[in-house]
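This briefing introduces a protein chain and the ligand bound to it. Please look over the sequence and the model before reading on.

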Amino acid sequence: MKEIKKKHLERTDFLKGELKDVQFDDPMKMFSTWYQEAHEKNCPEPHAVVLTTATLDAKPSSRIVYMRELVEEGFVIYTNYLSRKGSEITENPNAALLFYWDCCERQVRIEGTIEKIDPLISDDYFDARPRMSQIGAWASEQSQQIPDRQSLEDRVAYFEEKFPTKVPRPPHWGGLLVKPVYFEFWQGRLGRLHDRICYQNNDKTWSNFRIAP
Ligand SMILES: Cc1cc2nc3c(=O)[nH]c(=O)nc-3n(C[C@H](O)[C@H](O)[C@H](O)COP(=O)(O)O)c2cc1C
């Protein structure tokens, strides 16, 4: 293997917390506690999350998105339904989320299924977005090949003119709900002896267990 950049030899010790016991039977409560703490510790963009989807033949792809709503059923993100992620989820509803909060030395892994949300909820969210983002949702054929930057800007100008006042929600743009069936809460610890507490949903009840680091 040819080295292209000097190896990173520095080691980070994880010292900021511990996860001795299971604190909640419900992993969503556990998640919202950690999410709140990520805000309190001023983690940059605590709502940024890696979303992984896969094709029908299980070829995965990942990208960062923003989690916009945390609801009882799971995690809501907004996107273009015709994007790569959008077409993958129509073939294969399995998805994973990964949050990483460096300032707390924590990660949360979530696995489950993903589905479109009620269009009326998407309407409400879309209406609250800044006009530029609304126009962008029409102008950008997300993940499609385009000839150049100018063609994108031309589409922006076209939709600016088409919608001089209220911008309606494009039918291909809206929310996705990730419904979790598995969680792992990871807290970094000294000597790489990290804490990892998992939750598994079986028949609508959550069981939990610890796994080795
Ligand atoms: C910090 C950050 C936040 C992002 N948030 C979103 C988002 O909420 N929704 C979205 O569709 N794309 C978001 N993106 C862009 C995606 O990473 C990605 O480029 C886009 O969704 C197309 O992905 P796809 O081709 O795999 O469908 C964000 C990117 C970054 C870096």
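How do the residues of the shell around the ligand divide into nonpolar, polar and charged? They divide into four nonpolar, four polar and four charged, where Ala, Val, Leu, Ile, Met, Phe, Trp, Tyr, Cys and Pro count as nonpolar, Asp, Glu, Lys and Arg as charged, and the others, Gly among them, as polar. The model is predicted: local features need pLDDT of at least 70 and side-chain atom pairs pLDDT 80 or more, while totals for chains, interfaces and linings use all residues. Residues are numbered from 1 along each chain as its sequence is written, and side-chain values use heavy atoms, with hydrogens and water left out.

**The chain**
- The protein chain holds five helices and eight strands, taken as DSSP runs numbered from the N terminus (helices: H or I, at least four residues; strands: E, at least two).
- Starting at the N terminus, the order of elements is α-β-β-β-α-β-β-α-α-α-β-β-β.
- The C-alpha trace spans about 60 × 50 × 40 Å along its principal axes.

**The ligand shell**
- The residues around the ligand (a heavy atom within 4 Å of it) are E45, R63, I64, V65, Y66, Y78, T79, S83, R84, K85, Q142 and S143.
- At least two shell residues each come from β2 (60–71), β3 (74–80) and α2 (84–91).
- β2 supplies the largest share of the shell, four residues.

**Polar contacts with the ligand**
- A polar contact is here a pair of N or O atoms within 3.5 Å.
- The backbone takes part through an N or O atom of Y66, 3.1 Å from a ligand oxygen atom, and through one of Y78, 2.9 Å from a ligand nitrogen atom.
- From Q142, a polar side-chain atom lies 3.2 Å from an oxygen atom of the ligand.
- Of the 620 Å² of accessible area that the ligand has on its own, the protein covers 65% (Shrake-Rupley method, 1.4 Å probe).

**The largest pocket**
- The space taken by the ligand is the largest pocket, the ligand being counted as sitting there if more than half of its atoms lie within 2 Å of the grid points.
- A pocket is an open set of points on a 1 Å grid over the protein atoms alone, where a 1.4 Å probe fits, with protein on both sides within 12 Å along at least five of seven lines; lining residues have an atom within 4 Å of a point.
- The volume of the largest pocket is about 380 Å³, the space filled by probe spheres set on the points, which are joined across faces, edges and corners.
- Its lining has 17 residues, and Y78, T79, R129, Q142 and W173 lie nearest the centre.
- β2 gives the most to this lining, with five residues.

Methods. Polar contact = N/O pair within 3.5 Å; in protein donor to acceptor, adjacent residues only side chain to side chain.
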